[in-house]
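Here is a friendly set of exercises to work through with the model open in your viewer. Try each task before you read its solution.

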Amino acid sequence: MATRFAKGEDPTEILQFNFLDSEGRITKESIKSALKPPYPAKYYINVLLMVIALLVFLLWNYGIIQGTKLGFFCNDPLFSHKYRGDTVMPWMLGVALGIMLPGLYLTVEWIRQSNFEAVFSIEHIFEFYVYFKHYMIGLVIVAGVTELAKTIVGEHRPHFFDTCRPDTNLNCTNGTYIFDYTCTNKNVAMLDWVDASRSFPSGHSSISWFTAIFCAYIVQSRLPTHKAGTSFKVFLFAICACMGLVCSLTRITDRRHHWWDVLTGTIIALFGAAYTIRVLHAQVIILHRRIISDQMNFGEDGMKETCETCIV
């Protein structure tokens, strides 16, 4: 079924792409036509900005863009833990980010629609696009703020001495503050030396908690309790919470972060998720009111009345 927009409304302000035919509808033919080049300038600008953001991210992580180089107190116990690796390795977190949102969204929609084919209708694909777009924007913002803070602060990780083995920490007097040092550990790569001074705040915590909160919002806003049951919704909430808890708390037990690094990363995620969800919720309401025509009805005067119960 083609989706028709209300007369006089500009859906491109809502969806931010021109997938409409001459009659203001979204059809398979109009989508195929819209995907053909040339594309609007805004898409090239967005791609350019994403490439720049990725480039800066890599330059920060590889130490090409130099961050703050802090000193340390001789034999400071805060930095004297052994490096034991990661319980949640970066590739594990990446896989979780890649499958959690689509998997959870499909599960929620399948329960809502009671028909798996309906989940892949044009209307619901567009809804998923709006959710996924805002999720990616929020994720980039949270990750960007986290990486910027890491570069500016330059705090040492709990295993800093074990990874770096600074030369001036070998024969110093306990309690003496050392400003200058050189890492001497040849058993690790230079990238590990850089990473050993990027503790604050925790990237695992900010990214995982942002994803957890965003997914919990999807469960709460899109999954009716009368269809799923209270216990199942609580179960989905628990999955979301476990992702944030496991990723953040293991950073402390692995001695990869201090507890305040994890706390700050969680706070960044909370603010990032709150902002993203607020903007997203407004657009989803517009989608339900103006785009999904089968959830609208007509009043006696022929004017369309909004479905106030679409967002539950």
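**Exercise 1. Take stock of the fold.** Count the helices and strands, then find what share of the residues is buried.

*Solution.*
- Step 1: The protein has 12 helices and six strands. Keep in mind that this is a predicted model.
- Step 2: Apply the cut-off for burial, which is under 20% relative accessible area. By that rule, 42% of the 312 residues count as buried.
- Step 3: Look at how far contacts reach along the chain. Of the contacts between residues at least 6 apart in sequence, 76% join residues at least 24 apart.

**Exercise 2. Describe the largest pocket.** Work out how much space lies in the largest pocket, and which residues and elements line it.

*Solution.*
- Step 1: Start with the volume: the largest pocket holds about 1,200 Å³ of space.
- Step 2: Turn to the lining, which is made of 42 residues. Phe 57, Asn 61, Pro 90, Glu 147 and Ile 207 are the ones nearest the centre of the pocket.
- Step 3: Assign the lining to elements. Two or more residues each come from helix H3 (41–61), helix H4 (90–113), helix H6 (122–153), helix H7 (160–164), helix H8 (190–195) and helix H9 (203–222). H3 gives the largest share, with nine residues.
- Step 4: Sort the lining by class. The result is 20 nonpolar, 11 polar and 11 charged residues.

**Exercise 3. Map the nonpolar cores.** Find the residues that touch the most other members of the largest nonpolar core, and the elements that supply this core.

*Solution.*
- Step 1: The largest nonpolar core has 36 residues, and Tyr 131, Phe 210 and Phe 214 touch the most other members.
- Step 2: At least two residues of this core come from each of H4, H6, H9, helix H11 (230–253) and helix H12 (259–290). The largest share is that of H9, at nine residues.
- Step 3: Select Tyr 131 and skip its neighbours within four places in sequence. The contacts that remain are Tyr 105, Phe 214, Tyr 217, Ile 218, Ser 221, Arg 222, Leu 280 and Val 284.
- Step 4: Look for another core. A second, separate one has 11 residues, among them Phe 160, Tyr 181, Cys 183 and Ala 196.

**Exercise 4. Check a helix and its end.** Compare the span of H11 with the expected value, then inspect the residue Arg 255 that follows H11.

*Solution.*
- Step 1: H11 has 24 residues, and at 1.5 Å a residue the expected span is 34 Å. From first C-alpha to last, H11 reaches 33 Å, close to that expectation.
- Step 2: List the buried positions of H11; they include Leu 236, Cys 240, Met 243, Gly 244 and Cys 247. Lys 233 and Arg 251 are buried as well.
- Step 3: Move on to Arg 255, in the loop between H11 and H12. Arg 255 is not a glycine, yet its phi is positive, at about 60°.
- Step 4: Is Arg 255 buried or exposed? Neither: its relative accessible area is 37%, so Arg 255 counts as partly exposed.

**Exercise 5. Find further backbone features.** Locate another positive phi at Asn 75, and the peptide bond from Phe 200 to Pro 201.

*Solution.*
- Step 1: Recall the background: most residues other than glycine have a negative phi, and most peptide bonds are trans.
- Step 2: Asn 75, in the loop between strand S3 (72–73) and H4, has a positive phi of about 55°. Its relative accessible area of 36% makes Asn 75 partly exposed.
- Step 3: The peptide bond from Phe 200 to Pro 201 is cis, with omega near -10°. Pro 201 belongs to the loop between H8 and H9.

**Exercise 6. Compare two buried polar residues.** Describe the surroundings of Asn 169 and Thr 163.

*Solution.*
- Step 1: Asn 169 sits in the loop between H7 and strand S4 (177–178), whereas Thr 163 is in helix H7.
- Step 2: Asn 169 has a relative accessible area of 10%, so Asn 169 is buried. For Thr 163 the value is 6%, so Thr 163 is buried too.
- Step 3: Leave out residues up to four places away in sequence. Asn 169 then touches Phe 72, Cys 74, Asn 75, Phe 161 and Ile 178. Thr 163 touches Tyr 83, Asn 185, Val 188, Asp 192, Trp 193 and Ala 196.

Conventions:
Residues numbered from 1 in each chain as written. Predicted model: local features only at pLDDT ≥ 70, side-chain atom pairs only at ≥ 80, totals over all residues. Heavy atoms only, no water. 1 Å grid on protein atoms, 1.4 Å probe; cavity = no way out; pocket = protein on both sides within 12 Å on 5 of 7 lines; lining within 4 Å. Points joined across faces, edges and corners; volume = space filled by probe spheres on them. Helix = DSSP H or I, 4+ residues; strand = E, 2+ residues; numbered from the N terminus. Nonpolar A, V, L, I, M, F, W, Y, C, P; charged D, E, K, R; others polar. Buried < 20%, exposed > 50% of the residue type's maximum accessible area, 1.4 Å probe, protein only. Contact = heavy atoms within 4.5 Å. Core = buried A, V, L, I, M, F, W, Y, C linked by side-chain atoms within 4.5 Å. Expected span 1.5 Å × (residues − 1).
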